[in-house]
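Colleague: Could you take me closely through one part of this predicted model, the nonpolar core, and then set that part against the rest of the chain?

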Amino acid sequence: MVAFTPLAIAATTLLGLTSAVPAHQVRSTGITHRITAGSTTANNGLHFEPENVVAEPGDLIEFSFLPKNHSVVQSSFDEPCAPLSSSSGTTTGIFSGFNFNTTAGEAPNVFTFMVKDRNPIWYYCSQTVGNHCQMGMSGVVNQNFGSGDKTLDMYKQNAKGTVTKQPSSDPHAFQGGWIEKNMNL
Ligand SMILES: *[C@@H]1O[C@H](CO)[C@@H](O)[C@H](O)[C@H]1NC(C)=O
Ligand SMILES: *[C@@H]1O[C@H](CO)[C@@H](O)[C@H](O)[C@H]1NC(C)=O
Ligand SMILES: [Cu+2]
């Protein structure tokens with residue numbers, strides 16, 4: 001007969017906890033990729049820099065914001081300038097909200113999210129004053145380099161004929177990431 005010592009029970013409890021952790025939970029790599037929403041040089045400021053990033057699961061993507069009131073909204077490749085959503089219309093993707101007002105230099109806060117897997121993350125700026133998405137303000141994390149036609153250039157081409165959609169009726173709402181102080185200021 002097996003005697004359950006306190007240690008064995010503790011170990012069993014630990015195992016139970018471990019198996020309760022969702023399989024998709026990703027361990028942090030400690031690597032942060034910084035992207036600037038906005039530009040002092042490219043495309044009249046309507047540009048993410050860098051706009052094409054390769055990242056590992058567990059890496060952080062941190063957006064800092066220059067003037068012109070930008071946002072970051074995840075979309076699918078097939079529907080540029082529209083938030084990634086379920087068939088019922090609920091926004092399922094990442095978005096930052098319009099929380100980064102600045103008239104000069106970087107906004108005091110940044111928006112950060114963690115990369116969960118190696119699937120492409122397409123995103124755009126949903127500012128309609130100046131039609132930022134149609135003008136080419138979009139980017140991608142982990143573009144599927146094996147599939148020749150799903151490129152950021154093609155996304156931008158397809159974006160030209162669209163109408164920008166917002167991920168939420170609340171301009172300040174955000175999802176899939178967090179807002180924190182810009183430590184680079
Ligand atoms: C930024 O743009 C959003 C959406 O157009 C608007 O709701 C918000 O008031 C703007 N913020 C500022 C600081 O201009
Ligand atoms: C945006 O920031 C500027 C300067 O920092 C400030 O004067 C202005 O009131 C702000 N606008 C909003 C809507 O918060
Ligand atoms: Cu923008």
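Modeller: Leaving aside residues up to four places away in sequence, Y124 touches V73, S75, P80, C81, C133, M137, S138 and A159. Y124 belongs to the largest nonpolar core, a set of 31 residues in which A37, V72 and Y124 have the most contacts. At least two residues of this core come from each of β4 (60-65), β6, β7 (121-124), β8 (138-141) and α2 (152-159), and among these contributors β7 gives the most, with four residues.

Around that core, the chain as a whole contains two helices and nine strands, which follow one another along the sequence as α-β-β-β-β-β-β-β-β-α-β. Of the 185 residues in the chain, 31% are buried; and where contacts join residues at least 6 apart in sequence, 73% of them link residues at least 24 apart.

A loop residue shows another setting: G105 lies between β5 (73-75) and β6 (109-114), and G105 counts as partly exposed because it has 13 C-beta neighbours inside 10 Å, where a buried residue would need 20 or more. G105 and L66, although 39 residues apart in sequence, are 5.7 Å apart in space, C-alpha to C-alpha.

Finally, the predicted model includes ligand 1, whose surrounding residues are N69, F98, N101, Q127, T128, V129 and P171; sorted by class, this shell holds three nonpolar and four polar residues, with no charged residues.

Note on methods: Residues numbered from 1 in each chain as written. Chains lettered and ligands numbered in written order. Predicted model: local features only at pLDDT ≥ 70, side-chain atom pairs only at ≥ 80, totals over all residues. Near = placed C-beta within 6 Å. Nonpolar A, V, L, I, M, F, W, Y, C, P; charged D, E, K, R; others polar. Buried ≥ 20, exposed ≤ 12 C-beta atoms within 10 Å, placed from the backbone. Contact = placed C-beta atoms within 7 Å. Core = buried A, V, L, I, M, F, W, Y, C linked by C-beta atoms within 7 Å.
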